[in-house]
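Welcome! Here is a short briefing to help you find your way around a structure you have not met before. Keep the view open as you read.

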Amino acid sequence: MIAIVDYGAGNIFSVKNALDHLGLECGLVSDCDSIKAADAVILPGVGAFPAAMKMLEQSGLVEIIKEEAAKKPFLGICLGMQLIFEKGYEFEECDGLGLIGGSVRKMDDTELIIPHMGWNKLEKLNDCPLLENVGDDEYVYFVHSYKAHCSDSDIAAYCEYGGRVPALVHDGKYVYGAQFHPEKSGETGLKILRNFGGLI
Amino acid sequence: MLAKRIIPCLDVRNGKVVKGVNFEGVRDVGDPVECAEEYNRQGADEIVFYDITASFEGRGVFLDVVRETAKKVFVPLTVGGGIKTVDDIRETLRAGADKVSVNSQAVKNPQLIKDGADIFGSQCICVGIDAKKIADNKWTVYINGGRVDMGIDLIDWVHQIEQLGAGEICLNSIDADGTKNGFDIEMLQAVCDNCNIPVIASGGAGKIGDFAEVFEKTGATAALAASLFHFRELTVQEVKSYCRSKEIIVR
């Protein structure tokens, strides 16, 4: 069972709809035991970094997520991906989950239209199980105004938007993060979610 | 690179597509869910549902349509029409919409944009604007489906909604709408020059070259059309193939 963490942030139903469509068993969970019992964990989220961390803390889920992400496949999506890093700088400096080294900062190129909204091409950088059967000319759907700054070795794929934007990150073990929305990225996104389900 | 988006829009009344059309493989031409699935197969980058239902009962049926579509179509879904309050936004997003489009009500109550963006995030607040030219380089904002001139300067309104936290603008030209003579390049460029959020071009698409023109001549990041796709004069993939031949990046 894939646990979709429901901590009050974002459209969790989209993720559930996509997993249901793929026939992957999943459930919306908001307690430690369910996360512990799950075979894999997805952390969705839209909104602001500090507000989301606060909600995770108030739900008492921060420690369990850190523990379980070291033992079973874990995928953060959009804001959920950003929370994986050590620090966020949205409105204020804020600690993240620290599962992968790096920080999240505003995309501040004044020439850029912000948010980065729409379909952008995945450029592969490192091998990643989630990109199996994903070709070199496939697009996924992004909508965000902040981006991750992290080591190249943790980036499975990036996209070009005023420079490199980390799109899919992977710590080489269990932790994955997608800046884009695989649940809204058509067939390509479904392939990526199917690959994630295949890790169980 | 970010691809330019091609967005078909479906008008829905009491849960049925207005003016049904003969799509191949679509059994019920009036079924918005089936039409959305067809647009998805054609490669639509997003799908817009516009609710023109007047009744409370019709609204419930419409939200069921959104819920059903979100289970079958895995591209972003924008929902407009009839959204007046933060609760309406919440209800629509919970039904499975990724974004809501607010238009008349945002003009009457701009605070709706700020409240929506603060609570749900800018990414899901698209502000629809209907505007009409009144003089050289001057346009005013209309409400109620382009029937009432609010006398508000378009560019002032664009600045205001960006400040309030709108994540995107869908700009419809009343002058171009329904003419099939192409998008309103002049007005679109004026708006793109005056904001830093994505702008969707709407109104006037009549032939395949119009899509390439709007992307070549303006900063619009997406183009929307309803009847052109609806009556199958063009498919989304035909538009995309043509854009590609003009070296415009599309998915």
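## A first look

Let us start in chain B, where Cys243(B) is found in helix H10. Please keep in mind that this is a predicted model. From that cysteine we move to a neighbouring helix, then to the contact between chains, the strands of chain A and a few backbone details.

**Around Cys243(B)**

- Is Cys243(B) buried or exposed? Cys243(B) is buried, because 22 other C-beta atoms lie within 10 Å, and the cut-off for a buried residue is 20 or more.
- Setting aside residues up to four places away in sequence, Cys243(B) touches Lys4(B), Phe211(B), Ala212(B), Phe215(B), Ile248(B) and Val250(B).
- One of these contacts, Phe215(B), is 28 residues from Cys243(B) in sequence, and the two C-alpha atoms are 8.9 Å apart in space.

**Helix H8 of chain B**

- Phe211(B) and Phe215(B) are also among the buried residues of helix H8 (residues 208-217) of chain B, together with Asp210(B) and Val214(B).
- Looking down the axis of H8(B), you would find these buried residues within an arc of 130°, so they line one face of the helix.
- In an α-helix there are 3.6 residues a turn, so residues three or four places apart point the same way.
- What covers the buried residues of H8(B)? The cover includes S1, H7, strand S10 (199-202), strand S11 (222-225) and helix H10 (236-245) of chain B.

**How H7 and H8 of chain B pack**

- Two packed helices are described by the angle between their axes and the distance between the axes.
- For H7(B) and H8(B), the angle is about 35° and the axes are 10 Å apart.
- The crossing of H7(B) past H8(B) is right-handed.
- On the H7(B) side, Ile185(B), Leu188(B) and Gln189(B) take part, and they meet Glu213(B), Val214(B) and Lys217(B) in H8(B).
- By type, the residues of this contact of H7(B) with H8(B) are 3 nonpolar, 1 polar and 2 charged.

**Where the two chains meet**

- How many residues does the contact take from each chain? Chain B gives 24 residues and chain A gives 26 residues.
- On the side of chain B that touches chain A, 11 residues are nonpolar, 7 are polar and 6 are charged.

**The open sheet of chain A**

- Strands of a sheet pair through backbone hydrogen bonds, either parallel or antiparallel.
- In chain A, 8 strands form an open sheet with mixed pairing, in the order S2-S1-S3-S4-S14-S13-S12-S9.
- Strand S2 (26-29) and strand S9 (123-124) of chain A stand at the edges with a single partner strand each, so one side of each has no neighbour in the sheet.
- Within this sheet order you can pick out strand S3 (residues 40-43) and strand S4 (residues 74-77) of chain A, which pair in the parallel sense over 3 bridges.
- Val41(A) stands opposite Phe74(A) in S4(A).

**Other strand pairs in chain A**

- S7(A) pairs with strand S5 (residues 87-90) of chain A in the parallel sense over 2 bridges, and with strand S11 (residues 146-149) of chain A in the antiparallel sense over 4 bridges.
- Ser103(A) in S7(A) is worth finding: Lys87(A) stands opposite this serine, and His149(A) in S11(A) is its bridge partner as well.
- S8(A) is mostly covered, with 5 of its 6 residues buried.
- S8(A) pairs with strand S10 (residues 139-144) of chain A in the antiparallel sense over 6 bridges, and Lys121(A) stands opposite Tyr139(A) in S10(A).

**Backbone details to look for**

- Most residues other than glycine have a negative phi, and most peptide bonds are trans.
- The peptide bond from Ile114(A) to Pro115(A) is cis, with omega near 5°, and Pro115(A) sits in the loop between strand S7 (103-106) and strand S8 (116-121) of chain A.
- Asn14(B) is not a glycine, although its phi is positive at about 50°; this residue lies in the loop between strand S1 (5-13) and strand S2 (16-17) of chain B.
- Lys180(B), also not a glycine, has a positive phi near 60°, and its place is in the loop between strand S9 (168-173) and helix H7 (185-192) of chain B.
- Asn14(B) is partly exposed, with 16 other C-beta atoms within 10 Å. Lys180(B) is partly exposed, with 15 other C-beta atoms within 10 Å.

Methods: Residues numbered from 1 in each chain as written. Chains lettered and ligands numbered in written order. Predicted model: local features only at pLDDT ≥ 70, side-chain atom pairs only at ≥ 80, totals over all residues. Buried ≥ 20, exposed ≤ 12 C-beta atoms within 10 Å, placed from the backbone. Contact = placed C-beta atoms within 7 Å. Nonpolar A, V, L, I, M, F, W, Y, C, P; charged D, E, K, R; others polar. Arc of directions from axis to C-beta. Axes fitted to C-alpha atoms, helices over the stretch in contact; angles between N-to-C directions. Left-handed = near helix turned anticlockwise from the far one by under 90°. Pairing = 2+ DSSP bridges.
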